[in-house]
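Welcome, and please open your viewer with the sequence panel beside it. We will go from stop to stop, and at each one you will hear what to select and what is there.

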Amino acid sequence: MVKQGRKVKNTGIDRVFMFAVYALLLTFLAVVLLPLIYILSSSFSSPNAVSSGRVWLWPVDFTIRGYEVVLSDPQILGGFANSLFYTVVGALVSVTLTIAIAYPLSRKGFYGRGFITSIIVYTMLFAGGIIPTYLVVQSLGLLDTRWAMILPQAIGVWQVIIARAYLRNSIPDSLYEAAELDGAGDLRILWSVVLPLAKPMIAVIALMYAIMQWNSYFDALLYLKTDDLYPLQLVLRNILVLNSPGNGMDAAAGIERRHLADLLKYSLIVVSTAPVLLIYPFVARHFTKGALIGAVKG
Amino acid sequence: MVANRGKPGLRRSLRRHWQLYLLIVLPLAYFVVFKYVPMTNSVIAFKDYNVVDGIWGSPWAGLQHFTAFFSNPVFWTLVRNTLLLSVYFLLAGFPIPIILALALNEIRQGFFKRTVQLVTYAPYFISTVVIVSMTILILSPRIGLVDQGFGFFGLDAPDFLGNADYFRHIYVWSDIWQTAGYSAVIYMAALAGIDPSLYEAARVDGATRLQKIINVDIPGIMPTAVIILILGAGNIMAIGFEKAYLLQNPLNLGQSEIIATYVYKTGLLNADFSQAAAVGLFNSVINLVLLLGVNVISKRVSGSGLW
């Protein structure tokens, strides 16, 4: 009897508690969504409405003027093409190198894997720093070349750890033994046995590298001088943060031009972020898995 | 048959697995060239680097660059700005993902839960440049969303971007906005790993949901939380260059100039490589010491550490 009484009381408390939980989650949802919606609706509003602060959560005087200007600006389009190049080539190089180190490190017969692993992990704890790394890039003659965007950050320690853990856990020793009995060398085994089995992991680390590359601006700021090589993020920084207008805006004049410059920022944010956010829901699950393998095994 | 000797010897491993060694040459070269050579390049912190003589040929300068930095009036401002920003960052950013994960864990699988997760996770994929631009646009006077919000209640919004006092809040809270959903995922996984018999026991004891959270959930995610806190503390001096640099403007430099941005400006904009390398090295060493120190303390106190 006593027990039942307590239970009834608890469900009452629990109901209040659950109400609080839902209220809290709705707050989280709203806080994250509002700025995104605001940016999106501003990007579809008239320059005038944006500049006078009349846009809130719904486009005012609907127009796609901002997108027309953004998508016809040669500087922005060039940045887009460059970023695409860096992302694709960068991800290819990074994945290849990551597999090339993670595969040997995952093999039991590979002498020295403990030592090599600790050498790699140590670079997470202590880094040479901006200037000493810059001097290396300079001495290799990579300054102001496309390679400067790809090579210095080619391998991520985190991704090596994830790849190694995956290979170790998902490929049984018996498979290696069987392949060796068939007379296959280690490279042959990698190509015909390991890679086909590792496809999900390869997809995850490729996406991680690709998104990192797409979003990065720091290496470009350090190593690139020529405008033609700039990735989208650096072009964005010049227009959005430093407020130096793109070429396309020269056409507009005076107040009209300033208003258009304001509007353009919103359209630019949408154009540059949309590719990533559109593929994100499809890869989020794998991303989480990848992060968790790393978190557990690291 | 010499097989089954426990650990494989180098010779035998080389003979049997030469292809693996061939494969690993290139990635190892990467780590040597782009990670270890920079470490040895740090020697320029103790030299007067000039382009003609190169890194090893330049004359030694002893600790001159370090003493110059320590006696520079800007030194204490930089250390103070860096420390305040990162400690604030660490403390404010720590509980929020945990709260989000605990709340998500309470509701059942379904559309709402998936939506909240998907939406809160999304900003993690937005670039720093875009996050900073959004922050500036939203906070900008007259037209920004926040200004309109204040206006709705008939209030004047403070000048967020022009007043240095707001810099840290903007930095930290925009970061929480961006990463809370991502960080919550790790706690969600820890919650999923809690032994179901503990919940069973709590139910039999007639615990309320809140009591269950306090007595089962929170102890269950403690080890994960400790590791995340250690990693954060170890990164205290390494607080991101990227975002601070983008958020800087002439009006907030008094609080937004941190060691990393100072290194960039001295080294690459003023071409004083040795001085900048000295400041960078000082930062890295402090960081390493902090990480090792926090790890030791955490092992003593809670029994869990990084290694």
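How many residue pairs are in polar contact across the interface of chain A and chain B? The rule finds 17 such pairs, both residues being at pLDDT 80 or more. A polar contact here is a pair of N or O atoms within 3.5 Å; within protein, one must be able to donate a hydrogen and the other to accept it, and residues adjacent in sequence count only if both atoms are side-chain atoms.

Before you click further, a word on the ground rules. This is a predicted model, in which local features need pLDDT of at least 70 and side-chain atom pairs count only at pLDDT 80 or more, while totals for chains, interfaces and linings use all residues. Residues are numbered from 1 along each chain as its sequence is written, chains are lettered from A and ligands numbered from 1 in the order in which they are written, and side-chain values use heavy atoms, with hydrogens and water left out.

**Stop 1: the two chains together**

Colour chain A and chain B separately. Here 96 residues of chain A are in contact (heavy atoms within 4.5 Å) with 91 residues of chain B. The two chains bury about 8,500 Å² between them, 77% of it on carbon and sulfur atoms. Buried area is the accessible area (1.4 Å probe) that two parts lose on being put together, summed over both. Now select A:Tyr111, A:Ile131 and A:Tyr280: they supply 8% of the area that chain A buries against chain B, more than any other three residues.

Next, pick B:Arg16 and A:Glu180. They form a salt bridge, with the closest N and O atoms 3.1 Å apart. The rule (a side-chain nitrogen of Lys or Arg within 4 Å of a carboxyl oxygen of Asp or Glu) finds 1 salt bridge across this interface.

Then highlight helix H1 (residues 2-43) of chain A, which gives 22 residues, the largest share of the side of chain A that touches chain B. Helices (H or I, at least four residues) are DSSP runs, numbered from the N terminus.

**Stop 2: two domains of chain B**

Select residues 10-57 of chain B for domain 1 and 66-302 for domain 2; such bounds come from an automatic or database domain assignment. Their C-alpha centres lie 34 Å apart. The contact takes 7 residues from domain 1 of chain B and 6 residues from domain 2 of chain B. Between them the domains bury about 510 Å². Show B:Ile44, B:Ala45 and B:Tyr49, which supply 66% of the area that domain 1 buries against domain 2. The count of salt bridges between these domains is 0, and that of residue pairs in polar contact is 3.

**Stop 3: a residue in each chain**

Zoom in on A:Thr98, in helix H4 (residues 74-106) of chain A. Is A:Thr98 buried or exposed? A:Thr98 is buried (under 20% relative accessible area, 1.4 Å probe, protein chains only), because its value is 0%. Show the residues that A:Thr98 touches, among them A:Ile155, A:Ala163 and A:Tyr209. A polar contact of 2.7 Å joins the side chains of A:Thr98 and A:Tyr209.

Finally, find B:Pro219 in helix H12 (residues 209-234) of chain B. With a relative accessible area of 43%, B:Pro219 is partly exposed (between 20% and 50%). To end the tour, draw a line from B:Pro219 to B:Leu22: 197 residues apart in sequence, they are 47 Å apart in space, C-alpha to C-alpha.

Conventions: Helices (H or I, at least four residues) and strands (E, at least two) are DSSP runs, numbered from the N terminus. Lists of a residue's contacts leave out its neighbours within four places in sequence.
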